[in-house]
Amino acid sequence: MKFKSMDSPHNKFKSYTSNNLYFLLLLLLTNFITLFISSSFSSCSYKPLSTTDASIVEESTTTASDLPPEFLSFASGHALPFGYNANFDSDTIYPPAGKACTLFPDELRRYMSYKVNGSCPDDELLAQKLLLKGCEPLPRRRCRPASQPEYTEPYPLPTSLWTTPSDSSVVWTAYRCKNYNCLVNRKRNEKGFTDCKDCFDLRGNEKSRWASPKGGGLHFSIDEVLATKPRGSIRIGLDVGGGVATFAVRMRERNITIVTTSMNLNGPFNNFIASRGVIPLYISISQRLPFFDNTLDIVHSMHVLSNWIPTTLLHFAFFDVYRVLRPGGLFWLDHFFCVGEQLEVTYKPLIESIGFNKLKWVVGRKLDRGPELREMYLSALLEKPLKNSW
């Protein structure tokens, strides 16, 4: 006897029932996912210090065909010559390039257009604008950077620490000033407010900066800060947005090595820092600090980490400082500025959420742009806990 199980009424009913159950479960699952997404991303769930940002950024619609070939040559996956590598856990290496690079295909195309093995375009302004927009790190290029035709050797140490370098150390195309004499005198010759306007004048305010406390208020001295830790325990560190690196120079005179991050905003800050004989690091405040966890003795920042940075990004930045400091390390937040009530409402809770111990916390008025702006300064000396810092 042959059974035609596929044609029997009983099996037809089972098949019909199974299909209904399948579609019912599918409907319930999609409704559950919709409910989960709507509740997770509802605007009502936003908190000032939450992991979600208040702003929404549109995703790039750029495709590979829109990107310059030289960028794709660099940023695409490259097979490792000897195959799988256990350290990479992969047989392919993907060179880093900021995701935001692809959001600006026209600028990226200009930056990556050059003759391979030849000279790079003289395009410092374009490169810095890309970097500040988030194209960080910039993609590598296969060309030689612009440089002066005649270069003069730098002054030897320690003379270089407090001597204005030769003009030949800079390609001046990107700047209004075309020599160091112009930069040294621009506070006297230019009207209007410019941050770090007098930084290049090493015989001006730089000569006394951090040398001694001024009235015992917002202006801490280096020796005052170092005295909070056992002698000799502060050896290496970082200055975030350190201008012309006078902080690093002062620390070097005390046998402490400081790396200084700086951009070239209307001045050759990185060239100047290197000519003084200390180490520049050309990264923006958005970049993850290129140091391993729990390694630095001190991190300093004056003016740069302040209220002009979106609050969520600032929260990430402070946690990154905490990450690279060793237990017992110091974070010197020097002249952080904000407006009136922002300090108590937003920034004090934000800083306290990181987990630092407070060694010094001084608040005062910021008057350099006028009292009507109601700006405030905070100078704080914070310590990563020596025990239970995790």
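Here is a short chat about how some labels in this structure are earned.

Biologist: What kind of model is this?
Modeller: It's a predicted model, where local features need pLDDT of at least 70, side-chain atom pairs count only at pLDDT 80 or more, and totals for chains, interfaces and linings use all residues. Residues are numbered from 1 along each chain as its sequence is written, and side-chain values use heavy atoms, leaving out hydrogens and water.

Biologist: Why is Ser306 called buried?
Modeller: Buried means under 20% relative accessible area, with a 1.4 Å probe and protein chains only. Ser306 has 0% relative accessibility, so it counts as buried.

Biologist: Which residues does Ser306 touch, leaving aside neighbours within four places in sequence?
Modeller: Leu314, His335, Phe336 and Phe337. Contact here means heavy atoms within 4.5 Å.

Biologist: Why are α10 and α11 called roughly parallel?
Modeller: Their axes come within 10 Å and cross at roughly 25°. Angles under 35 degrees count as roughly parallel, so α10 and α11 get that label. The contact is made by Thr311, Leu314, His315 and Phe318 of α10 and Thr346, Tyr347, Leu350 and Ile351 of α11.

Biologist: What makes β5 and β8 edge strands?
Modeller: They sit in an open sheet with the order β5-β4-β3-β6-β7-β9-β8. Two strands pair if DSSP finds at least two bridges between them, and β5 (279-281) and β8 (357-365) each pair on one side only.

Biologist: How many bridges join β7 to β9?
Modeller: Eight, and the two strands run antiparallel. Leu333, for one, stands opposite Ala380 in β9.

Technical notes:
Buried < 20%, exposed > 50% of the residue type's maximum accessible area, 1.4 Å probe, protein only. Axes fitted to C-alpha atoms, helices over the stretch in contact; angles between N-to-C directions. Helix = DSSP H or I, 4+ residues; strand = E, 2+ residues; numbered from the N terminus. Parallel < 35°, antiparallel > 145°, perpendicular 65-115°, else oblique.
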